[in-house]
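Here are my notes on this protein, written as short numbered points. Please keep the model open while you read.

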Amino acid sequence: MVEAGCQGAIGSRTSFQASVFYSRIDDLIQRQYLSANLYQLRNIGRARHAGFELDARTRVDSRLEIGANYTYLDRENLSDPSVPLVDTPRHKGRVSAVGTVVPSLRVIANVEFEADRRTLNEGGAYLDAPSFATLSVKGVWTIRGHLDAELGVLNAFDRSYWYGDGYPEPGRTVLANFRWRF
């Protein structure tokens, strides 16, 4: 594996990181179906993974910080190009914002997206999972010292999405937590 990256700052409020990577794999393991609902993990041989990652964060003012990251991954089966590589997206990213309403209350919002994921269903057929984006928002109240109370909603727009055929991910989820930070 070879990876090269850099990180730095633009002014006093913005930071960034970027990296590129390339990897050759001699013995890649992947699911192969023998019959419906029966699979084994097999060595499919040599593969190549290449891509890049970008990350940037900026403090807009003393009460708002915005960040974004993106990953691009290109995978290729070198031993048998007719067998697609599965279960990883080609594009994945996140945009986040953290706002401080008052010193003890923060609001955190995240949009996460994914595109171009190929998967193998239980019948042994290759499928392209649909692209999706989800929004999650939560409020965090620091009650005292290291004790936080959180109230939020994940997948706020109740987006229907899946990584594997027949296994949908959770819809809108409301959460309430207490967290003690050590």
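1. A term comes first. A polar contact is a pair of N or O atoms within 3.5 Å; within protein, one must be able to donate a hydrogen and the other to accept it. With that in hand, look at T142: its side chain makes a polar contact with the side chain of D148, at 3.0 Å. Keep in mind throughout that this is a predicted model.

2. Now the overall fold. The protein has 12 strands and 0 helices. Read from the N terminus, the order of elements is β-β-β-β-β-β-β-β-β-β-β-β.

3. Next, the overall dimensions. The radius of gyration is 21 Å, whereas a compact globule of 182 residues would have one near 16 Å. Along the principal axes, the C-alpha atoms fill a box of roughly 55 × 35 × 30 Å.

4. How much of the protein is buried? Of its 182 residues, 29% count as buried. The accessible surface comes to about 11,500 Å². Carbon and sulfur atoms account for 57% of that surface.

5. Contacts along the sequence deserve a look. Take the contacts between residues at least 6 apart in sequence: 48% of them join residues at least 24 apart.

6. Charges are next. The protein carries 22 positive and 21 negative side chains. The centres of the two sets lie 6 Å apart.

7. Turn to N77, which lies in strand β4, residues 64-77. Is N77 buried or exposed? N77 is buried, because its relative accessible area is 4% and buried means under 20%.

8. What does the side chain of N77 reach? One partner is the backbone nitrogen of S79, at 3.1 Å. Another is the backbone oxygen of V83, also at 3.1 Å. Leaving out residues up to four places away in sequence, N77 touches I44, R46, A47, V83 and L85. So V83 appears in the list of residues touched and also as a backbone partner of the N77 side chain, as expected when contact means heavy atoms within 4.5 Å.

9. Go back to T142, in strand β8, residues 132-144. T142 counts as partly exposed, because its relative accessibility is 22% and partly exposed lies between 20% and 50%. Neighbours within four places in sequence aside, T142 is in contact with S104, L147, D148 and R181. D148 is the residue whose side chain makes the polar contact described in the opening point.

10. One pair shows how sequence and space can be compared. T142 and R179 are 37 residues apart in sequence. From C-alpha to C-alpha, they are 9.4 Å apart in space.

11. Check the backbone at D87. D87 is not a glycine, although it has a positive phi of about 75 degrees. Where is D87? D87 lies in the loop between β4 and β5, the latter covering 89-102. D87 is partly exposed, with a relative accessible area of 32%.

12. Check D158 in the same way. Its phi is near 55 degrees, a positive value in a residue other than glycine. D158 lies in the loop between β9 (147-154) and β10 (162-164). Is D158 buried or partly exposed? D158 is partly exposed, with a relative accessible area of 41%.

13. To finish, find three places in the model. Start with N77, buried in strand β4. Then find T142 and its polar contact with D148. Last, find D158 in the loop between β9 and β10.

Key
Residues numbered from 1 in each chain as written. Predicted model: local features only at pLDDT ≥ 70, side-chain atom pairs only at ≥ 80, totals over all residues. Heavy atoms only, no water. Helix = DSSP H or I, 4+ residues; strand = E, 2+ residues; numbered from the N terminus. Rg over C-alpha atoms; globule rule 2.2 N^0.38 Å. Buried < 20%, exposed > 50% of the residue type's maximum accessible area, 1.4 Å probe, protein only. Areas by Shrake-Rupley, 256 points an atom, 1.4 Å probe, with all protein chains shown as cover. Lys, Arg positive; Asp, Glu negative; His and termini not counted. Charge placed at Lys NZ, Arg CZ, Asp CG, Glu CD.
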